[in-house]
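Biologist: Please walk me through this one, and give me the cut-offs behind each term as we go.

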Amino acid sequence: PHAIRLEGDLTLGGLFPVHARGPAGVPCGPVKKEKGIHRLEAMLYALDRVNGDPRVLPNLTLGARILDTCSRDTYALEQALSFVRSLLPPEGGEGSCPDGSAPRRPPPERLVGGIGASASSVSIMVANVLRLFA
């Protein structure tokens, strides 16, 4: 539920602490305006500027998949795993359609880079996981 997706030829991943840590048993707490929302808006602004100038990336647009870390390293790692889930085969194999044909799936979303997280400990954990999937 804490995600933004923008379509583009190339996709950048973003991990930002939009919410503070939640109380025990709840991953997310109140919104963090300065350190969360402002960083998120900075990324969206940069994407708008790059995509709005055809001289920067001719014939390409940058997209994004931005996720909320909720200022919690374990939650950030769980969110980062969603970046690679589309690269894994579906549970139970490929399956088949009622008419017997193979299902058509959209091509996997490939991230070309990641921005964030705001804490080094989170960034190191996320980088180690994403490195496994190139």
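Biologist: Happy to start on a helix. On the other side of α1 from its buried residues, which residues are exposed?
Modeller: This is a predicted model, where local features need pLDDT of at least 70, side-chain atom pairs count only at pLDDT 80 or more, and totals for chains, interfaces and linings use all residues. Numbering starts from 1 along each chain as its sequence is written, and side-chain values use heavy atoms, leaving out hydrogens and water. Exposed means over 50% relative accessible area, buried under 20%, and partly exposed in between (1.4 Å probe, protein chains only). On that side of α1, the exposed residues are K33, E34, K35, Y45, D48, R49 and G52.

Biologist: And what does α1 turn inwards: which of its residues are buried?
Modeller: Helices (H or I, at least four residues) and strands (E, at least two) are DSSP runs numbered from the N terminus. The buried residues of α1 are G36, L40, M43 and L47. Seen down the axis, they line one face of the helix because they fall within an arc of 60°, the arc being that of the directions from the helix axis to the C-beta atoms. They pack (contact means heavy atoms within 4.5 Å) against β1 (3-6), β2, β5 and β6 (111-116).

Biologist: How many residues make up the largest nonpolar core?
Modeller: A nonpolar core is a set of buried Ala, Val, Leu, Ile, Met, Phe, Trp, Tyr and Cys residues joined through side-chain atoms within 4.5 Å. Here the largest one consists of L12, F16, V18, L40, M43, L47, L62, A64 and I66. At least two of its residues come from each of β2 (10-16), α1 (33-52) and β5 (62-68). A second, separate core of 8 residues includes L15, A76, A80 and F83, while the count for the largest core is 9.

Biologist: F16 caught my eye there. What does F16 touch, apart from residues up to four places away in sequence?
Modeller: F16 belongs to the largest core. Leaving out residues up to four places away, F16 touches G36, R39, L40, M43, I66, L67, D68, T69, C70 and I115.

Biologist: C70 is on that list. Is C70 buried or exposed, and at what relative accessibility?
Modeller: C70 sits in the loop between β5 and α2. Its phi is near 55°, a positive value in a residue other than glycine. S71, in the loop between β5 and α2, also has a positive phi, of about 55°, without being a glycine. S71 counts as partly exposed at 23% relative accessibility, whereas C70 counts as buried, at 0%.

Biologist: Let's stay in that loop. How far from R72 is the nearest side chain of opposite charge?
Modeller: R72 also lies between β5 and α2 (73-85). Lys and Arg count as positive and Asp and Glu as negative, with His and the chain ends not counted. R72 is buried yet has no salt bridge (a side-chain nitrogen of Lys or Arg within 4 Å of a carboxyl oxygen of Asp or Glu). The nearest side chain of opposite charge is that of D73, at a distance of 6.8 Å.

Biologist: Then which residue's backbone oxygen does the side chain of R72 reach at 3.5 Å?
Modeller: Not counting residues up to four places away in sequence, R72 touches R21, G22, P23, V26 and P27. The backbone oxygen that its side chain reaches at 3.5 Å belongs to P27.

Biologist: How many salt bridges does a search of the whole structure find?
Modeller: Side chains of opposite charge can pair when their charged atoms come close. E7 and R5 meet in one (3.5 Å, N to O), with E7 exposed at 64% relative accessible area and R5 partly exposed at 48%. D53 and R55 meet in another (3.0 Å, N to O), where R55 counts as exposed at 69%. The total for the whole structure is 2.

Biologist: One last stop, G8. Which residues does G8 touch, not counting those up to four places away in sequence?
Modeller: G8 is in the loop between β1 and β2 and is partly exposed, with a relative accessible area of 27%. Its C-alpha atom is 9.3 Å from that of N51, 43 residues apart along the chain. The residues G8 touches are T61, L62 and G63.

Definitions and conventions: A polar contact is a pair of N or O atoms within 3.5 Å; within protein, one must be able to donate a hydrogen and the other to accept it, and residues adjacent in sequence count only if both atoms are side-chain atoms.
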